[in-house]
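Student: I should like to learn how the terms used for a protein structure are justified. May we go through one example together?

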Amino acid sequence: MKARVYVTLKPSVLDPQGKAIHHSVELMGIEKIEDIRQGKYFEIEIDPSVSETDARVSAEKIAKDVLANPVIEDYRIEIEN
């Protein structure tokens, strides 16, 4: 089983890396891109004998306590069997 965790900055937090990427895209001549926000992606391999519910609980704890800074970041978890 695999847990995918996506961590992104909260919308109210300034994203200088996203702004730099957006500027580079504009320099490439790509138009009509309104905004780019950067984030982090993690894959967590979980023993297949674990229930999907328990896998989600574990992934939630890892995301909340280790992967994301809840003051400035949001996270989303997907579980794949």
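Tutor: Helices are DSSP runs of at least four residues, numbered from the N terminus. Glu-60 is found in helix H2. Please bear in mind that this is a predicted model.

Student: What pattern does the protein follow along the sequence?

Tutor: The pattern is β-α-β-α-β, and the protein has two helices and three strands.

Student: Why is Glu-60 called partly exposed?

Tutor: Partly exposed lies between the cut-offs of 20% and 50% relative accessible area. Glu-60 has a relative accessible area of 34%, and therefore it is called partly exposed.

Student: Which residues does Glu-60 touch, leaving out those up to four places away in sequence?

Tutor: Glu-60 touches Tyr-75 and Ile-77. A contact requires heavy atoms within 4.5 Å. The C-alpha atoms of Glu-60 and Ala-3 are separated by 9.5 Å, with their positions 57 residues apart along the chain.

Student: What makes Ser-58 buried, partly exposed or exposed?

Tutor: Ser-58, whose place is in helix H2, has a relative accessible area of 38%. That value is neither under 20% nor over 50%, so Ser-58 is partly exposed. Ser-58 and Ala-3 are 55 residues apart in sequence and 9.3 Å apart in space, C-alpha to C-alpha.

Student: How do you know whether His-22 is buried or exposed?

Tutor: The place of His-22 is in helix H1. Its relative accessibility is 13%, and buried means under 20%, so His-22 counts as buried. Not counting residues up to four places away in sequence, His-22 touches Ile-33, Glu-34, Asp-35 and Ile-36.

Student: Why is Lys-32 called exposed?

Tutor: Exposed means over 50% relative accessible area, and Lys-32 has 82%; therefore Lys-32 is exposed. Lys-32 is found in the loop between helix H1 (16-27) and strand S2 (39-45).

Student: What is the phi of Lys-32?

Tutor: The phi of Lys-32 is positive, about 65 degrees, although Lys-32 is not a glycine. Most residues other than glycine have a negative phi.

Student: What makes a group of residues a nonpolar core?

Tutor: The members must be buried residues of certain kinds, among them Ala, Val and Ile, joined through side-chain atoms within 4.5 Å. The largest such core here has 13 residues, and Ala-3, Val-5, Ile-44, Ile-46, Ile-77 and Ile-79 touch the most other members. Strand S1 (2-9), helix H2 (52-67) and strand S3 (73-80) are the elements that give two or more residues to this core. Helix H2 supplies the largest share, four residues. In soluble globular proteins, nonpolar side chains tend to be buried together.

Student: Which residues are in contact with Ala-3, leaving aside its neighbours within four places in sequence?

Tutor: Ala-3 is in contact with Phe-42, Glu-43, Ile-44, Ile-46, Ala-59, Glu-78 and Ile-79.

Student: How do you know how the protein compares with a compact globule of 81 residues?

Tutor: Such a globule would have a radius of gyration near 12 Å, but the protein has 16 Å. The C-alpha atoms fill a box of roughly 50 × 25 × 15 Å along the principal axes. Buried residues make up 27% of the 81 residues.

Student: What share of the contacts with a separation of 6 or more joins residues 24 or more positions apart?

Tutor: Such residues account for 70% of those contacts.

Note on methods:
Residues are numbered from 1 along each chain as its sequence is written. This is a predicted model: local features need pLDDT of at least 70, side-chain atom pairs count only at pLDDT 80 or more; totals for chains, interfaces and linings use all residues. Side-chain values use heavy atoms; hydrogens and water are left out. The radius of gyration is taken over C-alpha atoms; the globule rule is 2.2 Å times the number of residues to the power 0.38. Buried means under 20% relative accessible area, exposed over 50%, partly exposed in between (1.4 Å probe, protein chains only).
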